[in-house]
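Grab a pencil and work through these exercises with the model open beside you. Each task comes with a solution that goes step by step.

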Amino acid sequence: MEKNYAISGHLEQTDSGFVFNDKDLCFTVENLSGDLSTWNAVIDACDGTTPLKKILEKHPGICNEEVTEFLSALIENQNGYVNDSGEQFISGDEAILLLEDLQASLLYSTLYQNKFWQAMQSPREVPKKVYYGMAIENYHFLFRESWFDSPVLSYLPSTKARLIMNEFYGEEYGHDELILNALNHLDISRGDMAETLPLPETLALCNALAYWSANDPLFFFSTMGILEGKDIKVDSYILAMENSGGISPDFINPIKAHANINIEAEHGILTRELFHEIPVVRNDQMKSMIANTRLFVELYDDFHSAVWNYYSNDNKPLLRRLSNI
């Protein structure tokens with residue numbers, strides 16, 4: 001079957017030889033012979049609809065075997081794909097839409113049905129300690145954000161995605177201080193938090209994100225929309241505190257300021273921006289991300305459920321101090 005290659009990018013001639021440039025990356029190409037303009041004409045003609053045989057008929061000076069090997073190497077490095085190949089790739093935009101459908105289905109059947117989020121529908125019946133506990137666990141989560149954001153700051157497959165991620169990290173860094181400001185109004189100091197243990201479910205979520213960030217950065221990107229509240233205009237937790245009639249605005253306002261920063265900076269669409277810069281997602285990557293999405297939502301559900309289970313218990317102390325173990 002004749003192959004229809006779809007390739008982006010172009011070649012440049014340097015003192016060291018041919019260099020392939022795409023918007024995402026740049027690398028030296030070895031063992032290519034022939035004229036630069038002819039090679040770029042071949043690449044430009046690889047539009048996904050024109051058979052390679054027909055392209056080469058217009059460029060007889062290019063060796064068939066050489067061009068096939070070169071184009072195959074580009075595809076292997078995710079700089080293109082073979083249209084209608086049967087093994088199939090999809091674009092980053094398509095991939096994240098499929099993942100978002102799965103995320104929504106799982107979130108509505110698990111997370112949004114758990115005790116914590118259901119309780120937020122009746123804010124006056126929620127124990128104050130649950131509101132305070134969520135802030136404590138959020139502080140622990142944000143305090144450890146460098147664990148899972150840092151590994152992807154050097155993301156190599158896409159320069160644009162790397163820049164977007166670095167910009168986000170600059171905006172997000174230090175948000176734990178806003179939550180600490182809220183806790184200060186409960187006379188909880190930085191020193192208190194330093195000797196306080198997060199719930200095991202909070203640490204489990206942080207550790208899982210750190211693992212995915214270091215080992216499967218594309219999947220990690222897919223989780224960020226949920227973590228940054230892509231589906232909400234106003235955080236239900238904040239609305240519940242405001243409507244509870246028992247939580248001081250001095251406690252709520254710093255937490256609300258953090259939520260507003262995320263909303264105004266449009267952090268909720270971060271995942272779509274990142275995936276837009278990923279030209280090709282392989283089928284095996286999609287299968288892995290679909291499986292991990294189920295695990296991620298379960299961990300996120302466990303995080304919120306644990307907040308309710310622990311902090312709604314009057315017999316449990318608000319702060320889980322190391323000195324009390």
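**Exercise 1. Is R321 buried, partly exposed or exposed, and what is its relative accessible area?**

Solution. This is a predicted model, so start from the computed area of the residue. R321 has a relative accessible area of 22%. Buried would need under 20% and exposed over 50%, so R321 counts as partly exposed.

Next, look for its partner. R321 and E195 bring their side chains together in a salt bridge, at 2.6 Å from N to O. E195 sits in the loop between helix 10 and helix 11 (200–215), while R321 belongs to the segment after helix 16 (283–311); that puts the two 126 residues apart, so the pair links distant parts of the chain. E195 is partly exposed too, at 26% relative accessibility.

Last step: follow the shared partners. D192, E195 and R321 end up in one network of salt bridges.

**Exercise 2. Work out which parts of the chain the R272 and E100 salt bridge ties together.**

Solution. Begin with the contact itself: the side chains of R272 and E100 meet at 2.6 Å, N to O. Now place each end. R272 lies in helix 15 (residues 270–276) and E100 in helix 4 (residues 92–109), so the bridge ties together parts 172 residues apart in sequence.

Then check the surroundings of each partner. E100 is buried, with a relative accessible area of 9%, whereas R272 is partly exposed at 45%. To finish, put the pair in context: the structure holds seven salt bridges.

**Exercise 3. Do the same for R190 and E177: where does each residue lie?**

Solution. First, the distance: the closest N and O atoms of this salt bridge are 2.7 Å apart. Second, the location: R190 lies in helix 10 (residues 190–194) and E177 in helix 9 (residues 176–184), so the parts being tied together are 13 residues apart in sequence. Third, the accessibility: R190 comes out at 45% and E177 at 30%, and each counts as partly exposed.

While you're here, stop at the loop between helix 9 and helix 10, where D187 is found. Its phi is near 65 degrees, a positive value in a residue other than glycine. Most residues other than glycine have a negative phi. D187 is exposed, with a relative accessible area of 71%.

**Exercise 4. Which residues of helix 13 are buried, and how are they arranged around its axis?**

Solution. Step one: list them. In helix 13 (residues 236–244), the buried residues are Y237, I238, A240, M241 and S244. Step two: look down the axis. Those residues fall within an arc of 160 degrees, so they line one face of helix 13. The general rule helps here: an α-helix has 3.6 residues a turn, so residues three or four places apart point the same way.

Step three: ask what covers them. The cover includes helix 5 (115–119), helix 6 (128–143) and helix 14 (249–264).

Step four: inspect the ends. D235 caps the N-terminal end, with a side-chain oxygen 2.8 Å from the backbone nitrogen of Y237. Just after helix 13, G245 takes a positive phi of about 75 degrees.

**Exercise 5. Which element has the lowest mean pLDDT, and which the highest?**

Solution. Start with the whole protein: pLDDT averages 89, and 95% of the residues score at least 70. Then go element by element: strand 5 (residues 80–83) has the lowest mean, 75, and helix 6 the highest, 97.

Notes: Residues are numbered from 1 along each chain as its sequence is written. This is a predicted model: local features need pLDDT of at least 70, side-chain atom pairs count only at pLDDT 80 or more; totals for chains, interfaces and linings use all residues. Side-chain values use heavy atoms; hydrogens and water are left out. Buried means under 20% relative accessible area, exposed over 50%, partly exposed in between (1.4 Å probe, protein chains only). Helices (H or I, at least four residues) and strands (E, at least two) are DSSP runs, numbered from the N terminus. The arc is that of the directions from the helix axis to the C-beta atoms. Contact means heavy atoms within 4.5 Å. A polar contact is a pair of N or O atoms within 3.5 Å; within protein, one must be able to donate a hydrogen and the other to accept it, and residues adjacent in sequence count only if both atoms are side-chain atoms. pLDDT is the predictor's confidence in each residue, from 0 to 100. A salt bridge is a side-chain nitrogen of Lys or Arg within 4 Å of a carboxyl oxygen of Asp or Glu.
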